[in-house]
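User: I am new to reading protein models, and I would like to learn how labels such as "buried" or "salt bridge" are justified. Could we go through some of them one by one?

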Amino acid sequence: MAVIERVVVTVFTTVTHSYVDEHGHRHPGPPREVTEALLTITDADGASGHCLTKPDTVREAVVSGYLGPALLGEEGFDRERLWHRMARRQRGSQGAFSDRALSAADQALWDLAGRRLGLPVWRLLGGARAEVPAYASTMCGDDIPGGLATPEDYANFAKELVARGYRAIKLHTWMPPLPHGVDRDIAACTAVREAVGPDIELMLDSYHWYSRSEALTLGRALDELGFAWFEEPMEEASVQSYRWLAEQLRTPIIGPETAWGKHMARAEWVVAGACDILRVGVVGSGGITPALKAVHLAESFGMDCEIHGNGSGALAVIGATLSGRWYERGLLHPHSDYDTPPPHLRSIVDPLVDGKVRMPTAPGLGDDIDHDYIAARTVATWESRLR
Ligand code: MG
C-alpha cells in the first residue's frame with residue numbers, strides 16, 4: 001500500500017496523419033504535428049500508472065485544482081473511493097473538470113493497480129474473455145476522391161474490410177459540414193449490403209440530429225436491409241424520442257453514447273425502453289469504473305452493452321465482462337493506416353487477427369508507450385506534488 005505522491009501531465013508533440021473538421025469529425029490527411037498529453041500518477045513506492053489524453057482535457061488548472069487535491073496523499077489502490085472523491089468535485093467545477101478528465105485519472109489509477117499487481121486490467125477486473133470479435137468502424141463520409149464520398153466508395157471499402165477479416169462493419173455516414181440526409185444514408189447502406197451479402201453484420205451511426213420522422217424512415221430501410229443496430233440518429237437528450245423509435249423498428253436501437261450522466265443515464269434509458277442494446281464509453285462517460293457499472297446493469301436486464309470507442313480502456317472493460325459482442329476498431333478509411341502506431345507508441349494495443357482482437361498481456365492497461373520519444377518532445381509539464 002502506498003499513497004499517491006505525484007500527478008503529472010506531460011504535454012508532447014507527435015505526428016498524426018489526419019485532421020479534424022469544424023464539426024469534430026476526423027478525416028485522413030497529410031502528416032502534421034499535434035500535441036498530446038500523458039497523465040501519470042505516481043505513488044510513494046515509485047510505481048506509476050499512465051493514461052494518454054488531450055492537453056485540453058487535463059489542463060494545468062484541472063491538475064492543480066481538481067486531480068491533485070483529490071488524489072495526493074490518498075491510497076492509490078482505493079479506486080472506487082477515489083473515483084467518487086473526484087466525481088464529487090465535478091459539480092463545483094462548473095464544467096472545468098470534465099468526464100473525460102475524470103476518465104483519464106480513473107484509467108491511470110487502474111493502470112497503476114495492474115502494474116503493481118503484475119496483471120492486465122481486464123484480468124484484474126474479472127478476466128471474462130481473452131479475445132473479442134472486432135467490427136470495422138469507418139470514418140464519417142467525406143468528399144475525398146476514392147475515399148468515402150459516394151455509396152460506391154462505401155461498398156468498395158466494405159469489400160476490402162471483409163477481405164481483411166472483419167465480419168461486421170459500422171458505417172459513419174455524412175455529417176455537417178458535408179451534405180447529409182436520409183436518402184444518402186439509405187443509398188450507402190444499400191450499396192454496402194449488396195456488396196458484402198447477407199452474412200456480414202452491418203451497423204449504422206448516422207447524422208445525429210434527424211427528426212423522429214426522418215429517423216423512422218431511415219430505420220425502416222435498415223429493417224429491410226437487416227442491420228444489426230441503429231446508433232444515435234437523434235439528439236440523445238430526448239429519451240422519449242428513442243423510446244418512440246425503438247417501439248416501431250425491428251432493428252435494435254443502441255444508446256446512449258454522448259448523453260451526459262455516466263452509468264446513471266444508462267439506467268434511465270434501460271427503464272424507459274429507449275434502447276435495445278446499451279452503450280457506454282470509457283473515455284466519454286467518466287472512466288472504467290462507471291463503464292463497468294453500466295455493463296453490469298445491462299447484464300442484470302439481460303441486455304448487451306457495447307463499449308463505445310477503441311483503445312486500451314475499452315479492451316479492459318470488454319475483457320472483464322461478457323454482455324457485449326464487439327470491440328469497435330477504428331476509425332478506418334481507405335486512405336488511412338490504422339495498423340501503424342503513432343510515433344509515441346511502440347505498437348498498437350489492438351492488432352486484428354482473424355477478425356478478432358486479443359486482450360493485452362502486459363500488466364496494466366497494456367499501452368506500449370515510448371517514454372523516450374515523449375521525453376524528447378515534451379513542451380510542457382504540469383505537476384501537483386505531495387509536500
Ligand atoms: Mg457512435
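Analyst: Let us begin with a definition: a residue is called buried when its relative accessible area is under 20%, exposed when that area is over 50%, and partly exposed in between. Please keep in mind that this is a predicted model. By that rule, D205 and E231 are both buried.

User: What makes D205, E231 and E257 donors of the magnesium ion?

Analyst: A donor here is an N, O or S atom within 2.8 Å of the metal. The oxygens of D205 (OD), E231 (OE) and E257 (OE) lie 2.0 to 2.1 Å from the magnesium ion, so they meet that cut-off and count as its protein donors. Along the chain, these donors follow the spacing D-x25-E-x25-E. Because D205 belongs to strand β6 and E231 to strand β7, the pair ties together parts that are 26 residues apart in sequence.

User: Which network of salt bridges includes D205, E231 and E257?

Analyst: The network links K170, D205, E231, E257, R279 and E328.

User: Why is the pair R6 and E383 called a salt bridge?

Analyst: The term requires a side-chain nitrogen of Lys or Arg within 4 Å of a carboxyl oxygen of Asp or Glu. In this pair the closest N and O atoms are 3.1 Å apart, so the contact between R6 and E383 qualifies. R6 lies in strand β1 and E383 in strand β16, and therefore the pair ties together parts that are 377 residues apart in sequence.

User: How do you know whether E383 is buried, exposed or partly exposed?

Analyst: E383 has a relative accessible area of 34%, and since the partly exposed class lies between 20% and 50%, E383 is partly exposed. R6, at 28%, also counts as partly exposed.

User: What separates E247 and R243 in helix α8, and why is E247 called exposed?

Analyst: The two residues are four apart in helix α8, so about one helical turn separates E247 and R243. They form a salt bridge whose closest N and O atoms are 3.0 Å apart. E247 has a relative accessible area of 59%, and because exposed means over 50%, E247 is given that label. R243, by contrast, is partly exposed at 27% relative accessibility.

User: How many salt bridges does this rule give in total?

Analyst: By the rule used here, the count comes to 25 salt bridges. One of them joins E201 and R325, with the closest N and O atoms 2.4 Å apart.

Note on methods. Residues numbered from 1 in each chain as written. Predicted model: local features only at pLDDT ≥ 70, side-chain atom pairs only at ≥ 80, totals over all residues. Heavy atoms only, no water. Donors = N, O, S within 2.8 Å, 3.2 Å for Na, K, Ca; no water. Buried < 20%, exposed > 50% of the residue type's maximum accessible area, 1.4 Å probe, protein only.
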